[in-house]
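Good morning, everyone, and thank you for making time for this. Please have the structure open on your screens while I talk.

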Amino acid sequence: MIEVTSLTKVYGTGDGAVTAVDDVSLSVPAGQVFGILGRSGAGKTTLMRCLTALERPTSGSVTIGELNLTELTASGLRKARHRMGMIFQHFNLLGSRTAADNIAFPLEVQGVPAAERRKRVAELIELVGLQGREHAFPSQLSGGQKQRVGIARALAAHPDVLFCDEATSALDPATTEQILDLLKEINRKTGVTIVLITHESEVVRRICDAAALMASGWVVEQGPLLELLADPDSQLADILLPVGDASLDPDHTSVVLGFAHGGTTEPVISGLTRRFGLDVSILGGAVETVAGQKVGRLRVAFSHPDGSYDKDAVAAYLAEHEVSVHL
Amino acid sequence: MTQKTWIEALPELLGALGETAWMVGWSFLIVVLLGTAVGVLLRLWASDGLVPSRGLYAVVGAVVNIARSLPFLILMIALIGFTRWLVGTAYGPTPAIVPLAVGAIPFYARVVEAALREVAPGKIEAAQVMGATTWDIVRKVLLPESLPGLVAGATLTLVTLIGYSTMAGVIGGGGVGDFAIRYGYQRFNEPVLLMSVVVLIIIVQLVQSIGDWLVSRMAHRRG
């Protein structure tokens, strides 16, 4: 659905030049919820501005569907944008319009007749659960309600892609959960591809199918969430399911076990003790349901009364139980 | 020569008020239309605008600044030739509309430019991502979102126009200014002069109050 190839964005020139996005390539399959996680300054906002063509990349390309955004003319770009929706951290609703009229905005821009607009707005009000608030102005709505208006507006013209720019960062935790669940539900119901940027790992953990980790303009890692979480060395997994710092373990003998694909239901740890006589100390761990699957990560330290053990056999045993580890 | 009492002068004052309303009303209409257009163009051409153009912004900005730096009386006199060419005569309430409009358009244009600058860039970007054209953004985002500021600025402009219009009296434009000069300055009829002053104060107060009321009504809905 979305292909980003060697995208680079440099602001300024000469000595003052800042590379906000540095040779980023991403691939987002249709129908997925794709998260781009990073701290502020990691370049994710610039990346998203390039994805929506608000910013022209210095080099590289962005392809959405069959359209290469970097090659489009102004009017071609406007047409391409009719296939996009976007929601924002600060909502960016028009204060001069009611909720219903805000939702109708993209339809007006695309020349949809008034009767059809009214029908579509009514559907959307119901989809986002704003019945009874259609005639309220944004100033009369709570943050969560404003974002629901934002979501309805973004979806009004049946986009193929929904971009979310820190969509829940201005909301309280309970509202954040509601909005995330709504986004996931919309993704399931309509099949719209969602690309979101966030600094909150909770957002990625809760709704994403795949994710990329950005730092200093680079994509450090990307892939399906379950694969990343199963990888003991994944930095993204360590952010999503933290298992404590290796430096807390004085002997530096600890390893991370990644449980995915049902591994958490097997008594693997006691198996290690029975079969290999290993003493297993758990130093840290987390188990969560991600993308509908139970996944877990454990930081453990193995020790054996004899001082050493057969690492290959242990690794083979763990692999057999779909627990990944690097010994 | 006996002085007229204020009651005797009242019909004449009402006639002068009619002339003032005529020249201020038409010039206000022209100022709002053309001033909005120039203000929108300045905002679009600004370096952070939607269609940045350093050259156009500089040229139009300079013309606006020159027109604004001239005192109205001098602008009015300087425009006599232009007014005569446009209207056929330079004296009277109708020709006075020309210098009034020319004098206030640059002022209102800057008011509009400043009001549009207050619209959050995020709202404009949201419209862009929805595929809005520049014209859509002007019509559906910039102007409606800054409406309270535009109305407040228009109120200010209307009060300024009423003030300017009295100066039209100096070169025979008629209206309340002309009335005040004839009675107050040429005949030293203070009661009648005072009456025209009171009437002007009442009119300006009314204009300001109506403007404030409109702004607060809009601001209330938008929060």
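I will begin with how the model is to be read and then turn to some of its strands.

This is a predicted model, in which local features need pLDDT of at least 70 and side-chain atom pairs count only at pLDDT 80 or more, while totals for chains, interfaces and linings use all residues. Residues are numbered from 1 along each chain as its sequence is written, and chains are lettered from A and ligands numbered from 1 in the order in which they are written.

Chain A has an average pLDDT of 89, with 96% of the residues at 70 or above; pLDDT is the predictor's confidence in each residue, from 0 to 100.

Let us look at strand β8 of chain A, residues 193-198, where helices (H or I, at least four residues) and strands (E, at least two) are DSSP runs, numbered from the N terminus. Six of the six residues in β8(A) are buried, a word used when 20 or more other C-beta atoms, placed from the backbone, lie within 10 Å of a residue's own (exposed is 12 or fewer, partly exposed in between). Strand β3(A) runs parallel to β8(A), joined by five bridges, and Phe34(A) stands opposite Val195(A); two strands pair if DSSP finds at least two bridges between them. Strand β7(A) is likewise parallel to β8(A), over five bridges, with Val161(A) opposite Thr193(A).

Elsewhere, an open antiparallel sheet has the order β12-β13-β11-β14 in chain A. Its edges are β12(A) and β14(A), each with a single partner strand, so one side of each has no neighbour in the sheet.
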